[in-house]
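Reader: I'd like to go through this one label by label. Can you show me the structure and then back up the words you use?

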Amino acid sequence: MKDNMLQFLYSLKSEKKAGFFCLIDPDKQEPVESAKLAEKCQINGVDVILVGGSLMIKDNFDETVRIIKEKVSVPVLVFPGIFNFVSPYADAILFLSMMSSRNPQLLIGEQVRTAPLIKKYRVEAIPTGYFLIESGSLTSVQFMSNSLPIPRTKYDIAASHALAAQYLGMKVIFFDAGSGAKQSVPTEMIKKVKENISIPMIIGGGIRTPEEAREKVSAGADFIVIGTAIEKNNQTDLIKEFADAIHS
Ligand code: 1GP
């Protein structure tokens, strides 16, 4: 499975209505707790575990990925937030360029720093156009990236960015309102973007309920990322409800 993550994501999309990604932030708990959460997610219908965060203060990233990999059989992908990093234990990395930003460090600088490590560890890199969307309040990713999000009512700007990502060769795009966002990516924006591109779209940030997740899938989201809602309300039932809403 290690060499075919992109293919796995494409087939996930064709087998189920959409894929369910759970985001685990190593800064929020000890590695053993992260692994328990990942196991619970897998049992209750999560398709992919993402590991990452905006700060990574605890210096436990590799250990977290390693222990999660021991416990689950679903793919474990690195979602590096804004500062690219990689783990030899991961199945793949979402190799991000933050294309909503005009900060060169996030468009190409971080990638140059990380690329040799990806080669060394032989981790699959999935070229991902990453877009931060205005969410009603200042999120960690916005502050840490020192860049403006795409305004939430400017659908044309969003669609043009997504199309540029596709023409530049990105295999997937990620529209993110930021972790714990007050408002998730607008449903209308997802519709407008999907009309313009043919690559899959990941949607995350501020999705709190299964109903909201279902709405994003109906609008065209191919993959849904849930972090905070699961982390705060670490309940089997809720994870299952999210899985049902996303898959059906
Ligand atoms: C953040 O999209 C992810 O980058 C997940 O967001 O924590 O708000 O679910 P939440």
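**Labels and their cut-offs**

Reader: Why is aspartate 25 called buried or exposed, whichever it is?
Author: Aspartate 25 has 12% relative accessibility, and buried means under 20% relative accessible area, exposed over 50%, partly exposed in between (1.4 Å probe, protein chains only), so aspartate 25 counts as buried. Bear in mind that this is a predicted model, where local features need pLDDT of at least 70, side-chain atom pairs count only at pLDDT 80 or more, and totals for chains, interfaces and linings use all residues. Residues are numbered from 1 along each chain as its sequence is written, and side-chain values use heavy atoms, with hydrogens and water left out.

Reader: Where is the place of aspartate 25?
Author: Aspartate 25 is in the loop between β1 (19-24) and α2 (31-43). Helices (H or I, at least four residues) and strands (E, at least two) are DSSP runs, numbered from the N terminus.

Reader: What makes the pair of aspartate 25 and aspartate 27 a polar contact?
Author: A polar atom of the aspartate 25 side chain lies 2.9 Å from the backbone nitrogen of aspartate 27. A polar contact is a pair of N or O atoms within 3.5 Å; within protein, one must be able to donate a hydrogen and the other to accept it, and residues adjacent in sequence count only if both atoms are side-chain atoms.

Reader: Why does arginine 122 count as buried or exposed?
Author: Arginine 122 comes out at 70% relative accessibility, so the label is exposed. The loop between α4 (104-121) and β5 (124-132) holds arginine 122, and its phi is near 55 degrees, a positive value in a residue other than glycine.

Reader: What about asparagine 146, buried or exposed?
Author: Asparagine 146 is exposed, because its relative accessible area is 65%. Asparagine 146 is in the loop between α5 (140-145) and α6 (155-167), with phi near 50 degrees, again a positive value in a residue other than glycine.

Reader: Now the ligand: how many residues surround it?
Author: There are 14 residues around the ligand, and the closest are Asp176, Ser179, Gly180, Gly206 and Thr228. A residue is near a molecule if one of its heavy atoms lies within 4 Å of it. β6 (172-176) and β8 (223-226) each supply at least two residues of that shell.

Reader: Which backbone atoms does the ligand's oxygen chemistry involve?
Author: An oxygen atom of the ligand is 2.7 Å from a polar backbone atom of glycine 180. For glycine 206, an oxygen atom of the ligand is also 2.7 Å from a polar backbone atom, and for glycine 227 the value is 2.8 Å.
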